[in-house]
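Here's a quick tour of a protein model, written for someone just starting out. Have a look at the fold first, then read on.

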Amino acid sequence: MRYTLKHKPSFISIATQKGGAGKTTLTALVASMAHYAYGYSVAVIDCDEHQYSFSRMRARDEKIVYASEGLRRIASDQFLVHHKACYPVIGAKVADAYDLAAGLRQADGSRYDLLFFDVQGSVGTTGWISLLASMDYVFLPFVPDMLNIESTEKTMLMLKDLVDSGKSEATLSAFWNMVNVRERRDMVEVGNGVIRACGVRVLRTALPMLSRFRDKLTDLATAKSGVFTCTLLSPTNNMLKDSCIDILCEEIFEIMQA
Ligand SMILES: Nc1ncnc2c1ncn2[C@@H]1O[C@H](COP(=O)(O)OP(=O)(O)OP(=O)(O)O)[C@@H](O)[C@H]1O
Ligand SMILES: [Mg+2]
């Protein structure tokens, strides 16, 4: 279901200071679902000024999708559904990203529904926390181990302080990523206590630890029938199965509705 969004464009970031928590991967999955499956108009601002991983992912995807007849066909079928090209990926330094996005909003306010900010996991970067504080929505990915929980908790507390003191209007939500269903329930329970004590909502959707999230699009033979994490295609129904990405998107867009 496609919701009417409260903010147009909505500024959204999946963010934590913790490296490797899945920010870039999940941004790509949710942005691609939003643009290619839901039909929202998306742009991604790649603010990972150390690695520019999102931009590198786009360059990789272009090479692989255009080289594969099967994937080209999926891309063109997808194009026929919504009649629009792939979403732009724009690189920016953390300190410049907000002005760049505000410029996009000013110049062509009606064009985008969602602007995703992929921000590196580093508090040391100038402007890092102010950029996150200027979002409409921040989704904090918690990974169930103690170091990850403590680190993302710090980001959550910094943002919550800014919200409580009226310096940020961001809606904060936490969610679980890389949950090994059998082993990590105890950690999830501990973490939920920490998050709820801070007064932040925890999403119902917890993403499982699945090798599919790690697959790199290098094997054309296996990629022929579809791909999972890709900036040019949304995941096929077959690949969405058990990943919970579809229900995560539904929950995220439900929160963002008018
Ligand atoms: N649910 C999951 N199950 C298995 N692997 C996952 C899952 N989510 C993310 N990953 C993998 O974890 C690794 C780190 O993810 P990613 O690069 O997206 O993290 P990041 O938070 O953007 O890191 P950085 O802080 O370096 O920017 C990647 O190999 C990714 O494919
Ligand atoms: Mg990243």
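Let's begin in a loop: Tyr 52 sits between strand S2 (42-47) and helix H2 (53-67). Helices (H or I, at least four residues) and strands (E, at least two) are DSSP runs, numbered from the N terminus. This is a predicted model, where local features need pLDDT of at least 70, side-chain atom pairs count only at pLDDT 80 or more, and totals for chains, interfaces and linings use all residues. Residues are numbered from 1 along each chain as its sequence is written, while chains are lettered from A and ligands numbered from 1 in the order in which they are written.

Most residues other than glycine have a negative phi. Here are two with a positive one:

| Residue | Phi | C-beta atoms within 10 Å | Status |
|---|---|---|---|
| Tyr 52 | near 45 degrees | 18 other | partly exposed |
| Asp 242 | about 70 degrees | 9 | exposed |

For the last column, buried means 20 or more other C-beta atoms within 10 Å of a residue's own, exposed means 12 or fewer, and partly exposed is in between, with C-beta atoms placed from the backbone. Asp 242 is in the loop between helix H9 (237-240) and H10.

Now for the sheet. Seven strands make an open, parallel sheet, ordered S3-S2-S4-S1-S5-S6-S7; strands pair if DSSP finds at least two bridges between them. At the edges are S3 (89-91) and S7 (201-208), each pairing on one side only. S1 (residues 10-14) is joined to S5 (residues 137-142) by three bridges, and Ser 13 stands opposite Val 138 in S5.

Just before S1 comes Pro 9, and the Lys 8 to Pro 9 peptide bond is cis, with omega near -5 degrees.
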